[in-house]
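Student: Hi! I've got a chain open on my screen and would like to talk it through with you. Could we go over it piece by piece?

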Amino acid sequence: MSELEVIRDLLVEHRGEENAITSHEIATILGIDEDDTHPKARHLIKKCIEKYNLPVSGDDNGYYYMTDRADLDRYVNNLNGRIAKIAERRDMV
């Protein structure tokens, strides 16, 4: 099984916000040894979501497969908040 297939299966198993899995946990399962920000694991997670067109949300608690409209709304609100903060920093510069 490829790394992306393993990640896909992990993400599908972790349904709903309360069952989030962290990039650290995914890196550990894959045997990836990296720093605290887990750039390789996060890159693979992104590739996996794109390849398999998965409805996955990510926040400070980890990644999870969205199961309902409330999950989607929370994620969109989270993204909008991040966009606003980035715009504020851009404007300060």
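Student: Is Ser-2 buried, partly exposed or exposed?
Tutor: Ser-2 counts as partly exposed, with a relative accessibility of 34%. Keep in mind that this is a predicted model.

Student: Where does Ser-2 lie?
Tutor: You'll find Ser-2 in the segment before H1.

Student: And how far apart in space are Ser-2 and Glu-34?
Tutor: Their C-alpha atoms are 19 Å apart, with the two positions 32 residues apart in sequence numbering.

Student: What about Glu-5 and Ile-45, how far apart are they?
Tutor: For Glu-5 and Ile-45 the C-alpha to C-alpha distance is 10 Å, and they are 40 residues apart in sequence. Glu-5 itself sits in helix H1, which covers residues 3-13.

Student: Is Glu-5 buried, partly exposed or exposed?
Tutor: Glu-5 counts as partly exposed because its relative accessibility is 27%, and that class runs between the 20% and 50% cut-offs.

Student: Let's switch to backbone angles. Which phi does His-38 have?
Tutor: His-38 has a positive phi, about 50 degrees, although it is not a glycine. Its place is in the loop between helix H2 (23-30) and helix H3 (39-52).

Student: Is His-38 buried or exposed there?
Tutor: His-38 is buried, since its relative accessible area is 9% and buried means under 20%.

Student: Which residues is His-38 in contact with, leaving aside its neighbours within four places in sequence?
Tutor: Those contacts are with Ser-23, His-24 and Ala-27. You can look for them in the view by starting from H2, which spans 23-30.

Student: What is phi like at Asn-53?
Tutor: Asn-53 also has a positive phi, near 50 degrees, and is a residue other than glycine. Asn-53 lies in the loop between H3 and strand E1 (56-59).

Student: Buried or exposed for Asn-53?
Tutor: Asn-53 counts as exposed, at 67% relative accessibility. So we have a positive phi at His-38, which is buried, and another at Asn-53, which is exposed.

Student: Nice pair! Now H4: how many residues does it have, and how far does it reach?
Tutor: Helix H4 has 24 residues, 69-92, and reaches 35 Å from its first C-alpha to its last. That is close to the 34 Å expected at 1.5 Å a residue.

Student: Which residue caps the N-terminal end of H4?
Tutor: Asp-68 does, with a side-chain oxygen 3.2 Å from the backbone nitrogen of Ala-70.

Student: Zooming out, how many helices and strands are there?
Tutor: The chain has four helices and two strands, in the order α-α-α-β-β-α along the sequence. Its C-alpha trace spans about 45 × 30 × 25 Å along the principal axes.

Student: What share of the residues is buried?
Tutor: Of the 93 residues, 31% count as buried. The chain exposes about 6,300 Å², and carbon and sulfur atoms supply 50% of that.

Student: Last one: how far apart are the mean positions of the positive and negative charges?
Tutor: They are 6 Å apart, taken over 13 positive and 19 negative charges.

Conventions. Residues are numbered from 1 along each chain as its sequence is written. This is a predicted model: local features need pLDDT of at least 70, side-chain atom pairs count only at pLDDT 80 or more; totals for chains, interfaces and linings use all residues. Side-chain values use heavy atoms; hydrogens and water are left out. Buried means under 20% relative accessible area, exposed over 50%, partly exposed in between (1.4 Å probe, protein chains only). Accessible areas come from the Shrake-Rupley method with a 1.4 Å probe; for residues, only the protein chains shown count as cover. Lys and Arg count as positive and Asp and Glu as negative; His and the chain ends are not counted. The place of a charge is taken as NZ of Lys, CZ of Arg, CG of Asp or CD of Glu. The expected span of a helix is 1.5 Å times one less than its number of residues. A polar contact is a pair of N or O atoms within 3.5 Å; within protein, one must be able to donate a hydrogen and the other to accept it, and residues adjacent in sequence count only if both atoms are side-chain atoms. Contact means heavy atoms within 4.5 Å.
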